Amino acid sequence: MENDMQKQQHNNHGGDESFKLVGHENFTRTNPRSDKFHVKKFHHVEFWCSDAINVAQRFSYGLGIPITEKSDLSTGNMVHASYLLHSGDLNILFTAPYSPSVAEILTRTTSSTASIPTFNHSMARSFSTSQGLGVRAVAVEADDAESAFNISISCGARPSHPPMEINDGIIISEIELYGDVVLRIYDEEPPLASKDLEDFGIRRLDHVAGNVMNLPEVVKYVKMFTGFHEFSQFTINDLTGVIESGLNSAVLANNGESVLLNITEPVHGTERKSQIQTYLEHNQGEGVGHMAFASEDIFMTKK
């Protein structure tokens, strides 16, 4: 049974009338296979920061995953520094902008040395100033990134960057997701050779959780242009240990349920301020609050 605080939270919601927060116990999962474009899996997550090599090395040490690729001054990239951690199907990218004076000079040239063509120097610097280290892009692999972009826009999505080719005919495009986070869509890439599939205990990205101000509005928006279905729900009463620092949450999934987008909002009126509200205040807006990794053996991975 809902308590008064939950009822007030639900009554204050606007947005998607088809979305009803019923909690984990009362939620029935169905898969209508309603995707508006085929999404295969997560491709990568990109963090924006002010010192990419330092942050990448810290994550590498903490996760036990080596830096496998780089794009920086040593490779001819004068716009940004990017470093990739790779394990199994997991890819984590760390990117930081170079000097604004160098960027200003580059804007006068006809070509860019950036390895990520959607990179925006001024936005990256502003992002790092206001948010510090944070996720800029959640990337998924689709059959056709250009078609996915066009379908999304026709369904009401907010564009961030139109489709463009990066290399070997691979197309990427970007859609605004929530806050300063974008959904980056990649063309399906050829399978990697077995030597490239080496993992270090962590196999893949399980889910990405976004902290937002209004759960139904964001759920409606994401469902509207992706066609993703509801995978699960949680309310403040479902989560042991957070009853005094509450949240409501819904998880959206693609047809194959290999891409899980957890969307979480704060619950107000609790004895303690919601942990999600604290995040929203210190992050100066919506963003990715956490991400979860999948491992076949957690204890061996920790060793």
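This is a short walk through the fold of one chain, from its overall make-up to its sheet, its core and a second group of strands.

Before the details, please keep in mind that the model is predicted, that local features need pLDDT of at least 70 and side-chain atom pairs count only at pLDDT 80 or more, while totals for chains, interfaces and linings use all residues. Residues are numbered from 1 along each chain as its sequence is written, and side-chain values use heavy atoms, with hydrogens and water left out.

Let me begin with the chain as a whole. It holds 8 helices and 13 strands, where helices (H or I, at least four residues) and strands (E, at least two) are DSSP runs numbered from the N terminus. Of the 303 residues, 49% are buried, and buried here means under 20% relative accessible area, with exposed being over 50% and partly exposed in between, for a 1.4 Å probe and protein chains only. The chain exposes about 15100 Å², of which carbon and sulfur atoms supply 50%; accessible areas come from the Shrake-Rupley method with a 1.4 Å probe, and for residues only the protein chains shown count as cover. Among contacts with a separation of 6 or more, 70% join residues 24 or more positions apart, contact meaning heavy atoms within 4.5 Å.

Now to the sheet. Eight strands form an open sheet with mixed pairing, in the order β2-β3-β4-β1-β5-β8-β7-β6; two strands are taken to pair if DSSP finds at least two bridges between them. The edges are held by β2 (67–71) and β6 (159–167), each with a single partner strand, so one side of each has no neighbour in the sheet. On average, and with direction ignored, neighbouring strands are turned by 25° against each other; axes are lines fitted to C-alpha atoms, for helices over the stretch in contact, and angles run from 0 to 180 degrees between N-to-C directions. At the β2 edge, 4 bridges join this strand to β3 (residues 80–87) in the antiparallel sense, and serine 71 has serine 82 as its bridge partner in β3.

Which strands of the sheet does helix α6 touch? Helix α6 packs on the sheet against β7 (170–178) and β8 (181–187), and its direction makes about 155° with that of β7.

Strand β8 deserves a longer look. All 7 of its 7 residues are buried, so β8 is largely enclosed by the rest of the structure. In a regular strand the side chains alternate between the two faces of the sheet. In β8 both faces are covered, with Val181, Leu183, Ile185 and Asp187 on one side and Val182, Arg184 and Tyr186 on the other. On the β5 side, β8 pairs in the parallel sense with β5 (residues 134–142) over 6 bridges, and alanine 137 has valine 182 as its partner. With β7, β8 shares 6 bridges in the antiparallel sense, and isoleucine 175 stands opposite leucine 183. These two strands form a hairpin with 2 residues between them, and glycine 179 in the turn has a positive phi of about 55°.

That brings us to the core. The largest nonpolar core has 53 residues, and Ile185 and Val208 have the most contacts inside it; such a core is a set of buried Ala, Val, Leu, Ile, Met, Phe, Trp, Tyr and Cys residues joined through side-chain atoms within 4.5 Å. Helix α6 (residues 215–226) gives the most to this core, with 6 residues. Leaving aside residues up to four places away in sequence, isoleucine 185 touches a set of residues including Phe37, Val140, Ile171 and Ile175. Apart from the largest core lies another, of 9 residues, among them Leu84, Leu93, Ile116 and Ala124.

Finally, consider β12 (residues 260–266), in which 7 of 7 residues are buried. Strand β9 (residues 202–211) contains asparagine 211, which is buried at a relative accessible area of 6%. Strands β9 and β12 run parallel, joined by 5 bridges, and asparagine 211 stands opposite threonine 264. Strand β11 (residues 247–253) pairs with β12 in the antiparallel sense over 7 bridges, and leucine 252 stands opposite leucine 261. Between β11 and β12, which form a hairpin, there are 6 residues, and glutamate 257 in the turn has a positive phi of about 55°.
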